[in-house]
Amino acid sequence: MAFGRQTLSLVLFCWLCNSAAFAVILRTTEKSVWANEFESIELTCLIESISTNNPRIEWKKIKNGVPSYVYFQNKISGDLEHRALLREPANLLILNASRSDTAQYRCEVAAIDDQKPFDEILISLAVRVKPVIPRCSVPDAVTVGSSTELRCIENEGFPQSQYQWFKNSEELPEDPKTSSKFYNSSYIMNIETGSLKFRSVKKEDAGEYYCQARNEAGWSKCIRQSMEVYDLDIVGIFLKVLGGVAAFIFVIVGICQIQKSGYCSCKDHRETNYKVPQHENRMEYTTPDEGHFRHKSSFVI
């Protein structure tokens with residue numbers, strides 16, 4: 001009986017070995033892969049078990065749920081043409097990776113002579129993109145006690161960039177209360193949006209500011225910009241307002257005087273030069289010289 005059991009176990013073991021020997025089995029070293037833009041990346045598709053001499057190997061790129069061939073009928077095709085090659089046994093090497101290569105890739109191996117003739121493995125690739133120079137906005141001047149906001153943004157980096165502000169070449173802590181040097185500052189930093197808000201500006205907040213955008217692929221920064229902080233001169237503002245009001249009153253009084261003088265002059269002129277002569281008894285009004293002249297002319301004739 002014992003001999004029979006041993007024989008049965010040996011037969012079962014041999015059957016399992018033969019089954020494994022006639023089955024396509026794939027594996028990969030990494031199912032989720034990162035690569036920096038413009039660098040090379042290799043997607044591994046290792047054949048652990050196969051008995052067919054020339055299996056059919058295919059690679060497909062799946063983006064937004066739509067598959068397309070990148071290796072088919074023993075040649076690279078699609079948008080990886082001239083930018084990729086197949087390495088033994090079935091690895092896909094992508095040269096000069098671009099952000100458009102971010103997708104899922106499926107390695108498929110078919111072996112018609114094997115008992116399990118097909119296997120596939122799915123690999124996710126994300127191409128990291130270094131941030132470009134961010135656009136920074138820093139006010140030129142603010143007054144003590146006022147609120148202001150510094151802004152920093154860039155839209156090219158992948159994954160999405162995070163932001164860090166610097167003052168006079170020194171990195172600002174995200175929470176000023178964690179630093180003895182910036183403890184009295186009232187700013188609020190948002191590393192996700194790039195915003196740096198001051199609730200109440202102080203004299204010591206003056207300086208040169210710049211922002212750095214960073215992610216796993218690298219970082220970029222904008223140029224330095226100065227922010228000056230001025231005291232609020234209440235006396236000076238009052239004197240300027242008072243001077244403006246006085247000047248306004250002076251101009252109004254002057255205009256009134258000019259209009260008054262001009263009106264009187266025109267009135268006298270009209271009364272003197274534009275008086276209509278009066279006619280009595282419907283006789284034609286003539287001067288003595290005119291009548292004498294006419295009489296002499298009549299006498300000569």
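**Cores, disulfides and salt bridges in a predicted model**

With a relative accessible area of 0%, Cys45 is buried. This residue offers a convenient entry into the structure, which is a predicted model. A disulfide connects Cys45 to Cys107, with the sulfur atoms 2.0 Å apart. The partner, Cys107, likewise counts as buried, because its relative accessibility is 0%. The torsion about their S-S bond is about -75 degrees, so this disulfide is left-handed. The pair links distant parts of the chain: Cys45 stands in the loop between E3 and strand E4 (46-49), while Cys107 belongs to strand E10, and the two are 62 residues apart.

The structure holds 3 disulfides. Another of them joins Cys136 to Cys222, with an S to S distance of 2.1 Å. This link is left-handed, with -95 degrees about the S-S bond. It connects distant parts of the chain, since Cys136 lies in strand E12 (residues 135-137) and Cys222 in the loop between strand E20 (218-221) and strand E21 (225-230), 86 residues apart. Cys136 has a relative accessible area of 18% and is therefore buried; Cys222, at 7%, also counts as buried.

The remaining pair to describe is Cys152 and Cys211, joined at 2.1 Å from S to S. The torsion here is about -80 degrees, so this disulfide is left-handed. Cys152 sits in strand E14 (residues 148-153) and Cys211 in strand E19 (residues 207-215), distant parts of the chain 59 residues apart. Both cysteines are buried. When the bonded cysteines are numbered in sequence order, the pairing reads 1-2, 3-6, 4-5.

The nonpolar interior may be considered next. The largest nonpolar core has 27 residues, and those with the most contacts inside it are Leu43, Trp59, Leu92, Ile94 and Tyr105. Several strands give two or more residues to this core, among them E3 (41-43), E5 (56-63), E9 (91-94) and E10 (103-110). Another core, of 23 residues, lies apart from it and includes Val142, Phe166, Tyr209 and Cys222. Ile94 illustrates the surroundings of a residue in the largest core: leaving aside residues up to four places away in sequence, Ile94 touches, among others, Leu43, Leu80, Arg83, Asp101 and Tyr105.

Two of those neighbours of Ile94, Arg83 and Asp101, also form a salt bridge with each other, their closest N and O atoms being 2.8 Å apart. Asp101 is in the loop between E9 and E10, and Arg83 in the loop between strand E7 (75-76) and strand E8 (84-87), 18 residues apart. Both are buried.

In the whole structure, a search finds 13 salt bridges. Arg99 takes part in a salt bridge with Glu37, at 3.4 Å from N to O. Glu37 lies in the loop between E2 and E3 and Arg99 in the loop between E9 and E10, so the pair ties together parts 62 residues apart in sequence. Arg99 also meets Glu156 in a salt bridge, at 3.1 Å. Glu156 lies in the loop between E14 and strand E15 (162-167), so this pair ties together parts that are 57 residues apart in sequence. Glu37 is buried at 16%, whereas Arg99 is partly exposed at 39%. Elsewhere, Lys60, Arg106, Glu108 and Glu120 are linked in a network of salt bridges.

Finally, the surface carries a nonpolar patch whose members include Val241, Phe248, Ile249 and Ile255, with about 860 Å² of accessible area for the whole patch together. Ile249 lies in helix H2 (residues 234-273) and, at 48% relative accessibility, counts as partly exposed.

Definitions and conventions
Residues numbered from 1 in each chain as written. Predicted model: local features only at pLDDT ≥ 70, side-chain atom pairs only at ≥ 80, totals over all residues. Heavy atoms only, no water. Patch = residues over 30% accessible without salt bridge, like charges linked within 9 Å, V, L, I, M, F, W, Y side chains within 5 Å. Areas by Shrake-Rupley, 256 points an atom, 1.4 Å probe, with all protein chains shown as cover. Salt bridge = Lys/Arg side-chain N within 4 Å of Asp/Glu carboxyl O. Helix = DSSP H or I, 4+ residues; strand = E, 2+ residues; numbered from the N terminus. Buried < 20%, exposed > 50% of the residue type's maximum accessible area, 1.4 Å probe, protein only. Core = buried A, V, L, I, M, F, W, Y, C linked by side-chain atoms within 4.5 Å. Contact = heavy atoms within 4.5 Å. Disulfide = S-S within 2.5 Å.
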